[in-house]
Structures are given as C-alpha cells and as structure tokens.
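Please read the following note beside the sequence and the model, taking the numbered points one at a time.

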Amino acid sequence: MFTVKNTWKPSLEQECLLIGLTDQHSGQGGTLKEADQAMEGQISVLIKEGDISWKKKSITIIHTLGKLSTKKLVFVGLGKKKDVSFEGLKECFGKAFKQLKGSRLSSVGVDLDSFLTDDIEVPDAAHALSEAFALATYEFEGYKQKPNEPERKIEGITVFTNADVEEVKASLTVGYVYGKGTNSARTLVNLPGNMLTASDLAQYALELAEKYGFEAEVLEKEEMQNLGMGALLAVNQGSEQPPKMIVLKYQGKDEWKDVIGLVGKGITFDTGGYSIKPKDGIVGMKTDMAGAAAVLGAMEIIGELKPEQNVVAVIPSTDNMISGHAFKPDDVITSMSGKTIEVLNTDAEGRLVLADAITYAKQHGAEYLVDVATLTGGVIIALGNEMTGAFTNNESFFEQVLEASVEAGEPMWRLPITEKDKERVRSSRMADLNNSPGREGHAIMGAAFIGEFAEDTPWVHLDIAGTATTNKPSELNAVGGTGVMTRTLALLVERFEVNE
Ligand code: BES
Ligand code: ZN
Ligand code: ZN
C-alpha cells in the first residue's frame, strides 16, 4: 500500500501530490518551492490571492496543465502551524483522502515533510497519514444487488520525505495497523444480527487466534452450566442461538503475570427481553456488541504489533430475546461469582453478561480490567455522542486508560461511583444485588453493578452507548459503527506500566 521515497522531483509522473500548507508557508522550502518554480511562481500567486488556502481542513486541487509531470497538486490546509495537533492532522488527511477517493484518483503521492511542525515529528506525521487513510476510506458495502456507487479505491500511496526511509515505513505500518483494526471493529458492528450471531462472533475470534497464534477458548452452554455462569445463561434463556463465552490469550511476557483483562459486551441483538424496547428503541440494537468488536479490533492490533504485555480478552456473547423460555422480571439468578441477582429489568442485560465475564477474566489471571460496553441510554443523555463514559475503582489505572484515550483521539469523561450508588445496586430484599435500581443516574448504576464483580481488581468501565455508532459522516468516520475504543485499548496495552 505504501512506498517511501527520498525525494520528489517535478519530473516524477503521477496522478497527484498532497502538500501540507500552514500560515507559515512562505518560509517553506522543499517540494512546495520546487513545484512553485516549475509552475513559474503561479502557486505563490494563488496562495496570495486566497485561491489556495492554508485554513484548517481546506482542500484545494489544482491542475498543473503540463508544467509538471504530476498531474494535480492537492493542497491540504493545516491551519496555524503552532496549533497543528496529531488528531487535527489526522482529520486533515482524512478529509483529503475522502475527497480523492470521490474523485477517482487511484495513485497518490504525499509530500510528508510539508506536514511537519515543531510538535509533529516524522513518525507522528507518518502514523497520522496511514491511520487517517485507513479510517477515512472505510466503507461497509452492504447487501444491495446494485451498489449506489461504483467502487472507488486509492490503490497505492507514495510518500516522499527527506527522513530515514525505514523509520517512515515503520510508522506508516503502525498507523495503518491501528486504522485497519478499527475498521475490523466497525465491520463487526455494522453486521446485522442475523449475520453475526454469538456463534459467528466466536468463529471470527477463532480465526483471529489462528492468524496471530493466540490461545483461544470458546465455552459452550454446557460448560457454562458446569461453571455456574447463571447470569450469562439467564440472558440467553429466551434465544434459539447458543451463547458463547469467548476467551483469547496473548502472552508477550515470559511469565503469565500483570495480565490485562479486556472484556467486551457481545450482545448480538438486544430486544430488551420481556422489558421489551419500544419500536424506535429496538432499531439499531444489532450494534450492542460494539464492546466485543472493540476488544477484537484491539486484539488484531496487538497480534500485529506484538507488545511485551500479557492480555486476556473475554467476550460474553448472546442475543437478548423473548420466548416461553426467556428470563423474566422478578427472576432471581446466581452469577458465577456466587452473588445472587434480582432481575428487575431484562433490558439491563449487559451488566449481567459482563458480571460473569469479569469473574471469568479474573479466573484467567486478569489483574487489571477494562470492560467496554454499549451499556446504557443514560450515558448518551449525560455525555452525548462524542464522549465515552468512564468509571473506575482505581485512580492510577484510570490515568493510564485516559492517557491512551487522549493519544488515540477517542475522548472519554469520568463519572463517579459513590458509596450511595453502591448501596442502590445492593438494595434488593430478595438477593445480593438488583440489576436496575431505577432511572436516576442509570449509567452510574450499570457501572456500580459491574464494579461489584471487579471487586478490588483495578478496573475501568467504558460505556460506549453514545460513541459506538454515528449517524453523520465526518473526516475519519462513515455512518454506522465507529470502532470506538479499539485504538484506546490497543494503546493502553502497548504503553501499559505496572504501578508498584
Ligand atoms: N443496549 C442497551 C443500551 C443502549 C441504548 C445502547 C441505546 C445503545 C443505544 C442496554 O442493554 C439497555 O437497554 N440499557 C437500559 C438500561 C436500563 C433498563 C437500566 C437503558 O439504557 O435504558
Ligand atoms: Zn438492554
Ligand atoms: Zn444491551
């Protein structure tokens, strides 16, 4: 996909060349200067007159009319040089690639050095480029007999730079791996419930394990019964589809210690069960496995980059259906931990399946836990669609998760769990816990419930109900699954440090 070359020459034949432009362009040497000379100073004139803009995210395409062997120059406005951020750069690249894809340009050159600033060094620029390329050009094809648009693809990118070719190649590869892993998660989220059952999800995980040499385990219903996974089994009770508890292990250290547990909610369709969702609320519930998708996307990145860490991924998967066998409000169930749960709402099923998954992750040696789940509508009311809700029982572990999220460009915002909140999930006359203490602060109730199973293990809960999907396309996203938290989880693992 990427070729790296040391210098660009006006005589190079290619379809187009991307050049970054900031407010400081007049001092810019290199390719811009050479191209300007070859164009007899016309680029300078166009910039001066404002026809080519350096404003952030403005894209200007000019035809070189035979003056250069490169047919078109694509100027990518980066804004003020001192304000360019890694995330902002990704958005600028994303916008450019979306536009090029639309205009059927299939081979693209990039003048990498024109995208550097005091803060953005060569590896960052290369990473931003390749990750943005993967993210911005992602498309879920769908199932139409005749697609809306004929396929448009950018076939290859040639990166020109004065920096070390191998160094640039390495960063391009890492960025591309992050983008691709996110795209895999997006695809899982976009697949309809009839095309992605718990069995399909397990099959997908096994293929990933095969490809990257992970140790894998998929628990069947009978084994779950033997292990006493009463919470996951209760949610599955109304379904025709068998439940799966999916486990992948990646060992990057000599010993199986300091294990990070990544737990993802894998509800392949959520009807709400007998606490059934209204007709408008049920549409879209194929995406209720986005937490599982993020975990699998992260495992793909981990498999590619092979960090020196130990990771266990645990995905409890089933759909949440209605039938004569289904679990009901008022039922009391016993989780794998032994804790009993009074079911007040069958639509609060995510916390039930996660309860057993967290317990199982700990049994597999997880000493740090992150769970990712489309858990509550409440988090969307609280934080909207741009921020993932975060909860924790451990400040220093949370710091590491937060840092990864900032670097990944996947913002999160912390919400509290107080002692009073814990009392509310413990307030059942029938059982140790209840799964739905009421609508007040219910994102917090979901988190507090899961926290009962994490116990003293450092744990972060990420509620992605608002961020897992989007209905408006942006520079780096298409409508549908966003793959959110894939990159954060992978980065957390890459950068993780044990706090003694
Ligand atoms: N899967 C839903 C949460 C959800 C809502 C995800 C909207 C994505 C978009 C979850 O299982 C659920 O139904 N939660 C309930 C919890 C309530 C019953 C305590 C909710 O948010 O209403
Ligand atoms: Zn639900
Ligand atoms: Zn759900």
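1. A residue is called buried under 20% relative accessible area, exposed over 50% and partly exposed in between, with a 1.4 Å probe and protein chains only. Ser58, with a relative accessible area of 18%, is therefore buried, and it is found in the loop between helix H2 (42-48) and strand S3 (59-63), where helices (H or I, at least four residues) and strands (E, at least two) are DSSP runs numbered from the N terminus.

2. This is a predicted model, in which local features need pLDDT of at least 70 and side-chain atom pairs count only at pLDDT 80 or more, while totals for chains, interfaces and linings use all residues. Residues are numbered from 1 along each chain as its sequence is written, chains are lettered from A and ligands numbered from 1 in the order in which they are written, and side-chain values use heavy atoms, with hydrogens and water left out.

3. The zinc ion (ligand 3) has as protein donors Lys265 (NZ), Asp270 (OD), Asp288 (OD) and Glu349 (OE), at 2.0 to 2.4 Å; donors are N, O and S atoms within 2.8 Å of the metal (3.2 Å for Na, K and Ca), and since water is not among the atoms, sites may look incomplete. Asp270 also bridges this ion and the zinc ion (ligand 2), the two ions lying 3.2 Å apart.

4. Which of these donors are buried? Lys265 counts as buried at 1% relative accessibility, and Asp270 is buried as well, with a relative accessible area of 3%.
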